[in-house]
Amino acid sequence: MSSILMELTPFIGVDSDGKLFVHDETAEALQQHGKPVVVIAIVGNARRGKSYLMNRMLGRQSGFPLGSTTNATTKGIWAWLTDHPTRSNEHLLLLDTEGLSHATDGDENRDIQIFVLSVILSSTLIYNCQGVIDESCLELLDLVSRLSEHLVL
């Protein structure tokens with residue numbers, strides 16, 4: 001396995017104009033690593049524990065950065081490739097995403113792009129929602145449902 005993928009690695013970045021781009025080094029390493037990959041992506045609003053949950057899935061206390069302010073810690077989509085915990089012939093790719101509806105620099109178009117990319121890239125999508133499930137949560141879940149109808153292979 002490529003050493004670049006055995007640690008936190010930027011996968012989808014955000015340029016100075018707020019546009020998304022693929023980190024070529026990460027994409028190349030993913031294409032060349034050799035084993036089938038199970039991809040788990042997590043999406044949800046900012047400051048709700050997505051990175052913490054991904055660290056727990058890695059069996060670690062740290063790895064994906066955690067923040068204690070309202071400033072976004074994760075920008076774009078970050079990746080960590082590890083051995084699958086129960087299938088020795090597969091790897092597990094964890095994708096941690098930028099928080100949706102971020103208070104200080106939220107871009108609704110970028111939110112949608114990150115959300116849709118997460119749906120497309122993942123084998124399993126975790127939608128992290130705390131508290132009462134409100135109208136925006138239901139709208140995003142409806143979007144995933146409608147998208148998945150078109151993505152079935």
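How exposed is Arg87, in terms of its relative accessible area? The structure on the screen is a predicted model, and in that model Arg87 is partly exposed, its relative accessible area coming out at 41%.

I start with this residue for its partner, since Arg87 forms a salt bridge with Glu90, in which the closest N and O atoms are 2.9 Å apart. The structure holds 1 salt bridge, and the two residues that make it, Arg87 and Glu90, do not fall in one class of accessibility: Arg87 is partly exposed, whereas Glu90, at 16% relative accessibility, counts as buried, because the cut-off for that word is under 20%. As a general remark, side chains of opposite charge can pair when their charged atoms come close.

Let me turn next to His91, which belongs to strand E5, the run of residues 91-97. His91 is buried, with a relative accessible area of 3%, and its side chain makes a polar contact with the side chain of Asp83, at 3.4 Å.

On the aromatic side, the structure holds 1 aromatic pair. The partners are Phe115 and Tyr127, arranged edge-to-face, with 6.3 Å from centre to centre and 85 degrees between the planes. This pair links distant parts of the chain, with Phe115 sitting in helix H3, residues 108-121, and Tyr127 in strand E6, residues 124-128, 12 residues apart. Both Phe115 and Tyr127 are buried.

Strand E6 also contains Leu125, and here the accessibility reads otherwise, for Leu125 counts as partly exposed at 26% relative accessibility. Which residues does Leu125 touch, once its neighbours within four places in sequence are left aside? Leu125 is then in contact with Ala41, Val43, Ser118, Val119 and Val144. In addition, the C-alpha atom of Leu125 is separated by 5.9 Å from that of Ile42, although these two residues are 83 residues apart along the chain.

Finally, I would like to point to the surface, where Ile133, Leu138 and Leu141 form a nonpolar patch, with about 270 Å² of accessible area together. Of these residues, Leu141 can be placed in helix H4, which covers residues 135-151, and at 38% relative accessibility Leu141 counts as partly exposed.

To close where I began, the salt bridge of this predicted model joins Arg87 to Glu90, and the aromatic pair joins Phe115 in helix H3 to Tyr127 in strand E6.

Methods. Residues are numbered from 1 along each chain as its sequence is written. This is a predicted model: local features need pLDDT of at least 70, side-chain atom pairs count only at pLDDT 80 or more; totals for chains, interfaces and linings use all residues. Side-chain values use heavy atoms; hydrogens and water are left out. A salt bridge is a side-chain nitrogen of Lys or Arg within 4 Å of a carboxyl oxygen of Asp or Glu. Buried means under 20% relative accessible area, exposed over 50%, partly exposed in between (1.4 Å probe, protein chains only). Rings of Phe, Tyr and Trp (its six-membered ring) pair if their centres lie within 6.5 Å; planes under 30 degrees apart count as stacked, over 60 as edge-to-face and the rest as tilted. Helices (H or I, at least four residues) and strands (E, at least two) are DSSP runs, numbered from the N terminus. A polar contact is a pair of N or O atoms within 3.5 Å; within protein, one must be able to donate a hydrogen and the other to accept it, and residues adjacent in sequence count only if both atoms are side-chain atoms. Patches are made of residues with over 30% relative accessible area and no salt bridge: like charges are joined within 9 Å, nonpolar side chains (Val, Leu, Ile, Met, Phe, Trp, Tyr) within 5 Å. Accessible areas come from the Shrake-Rupley method with a 1.4 Å probe; for residues, only the protein chains shown count as cover. Contact means heavy atoms within 4.5 Å.
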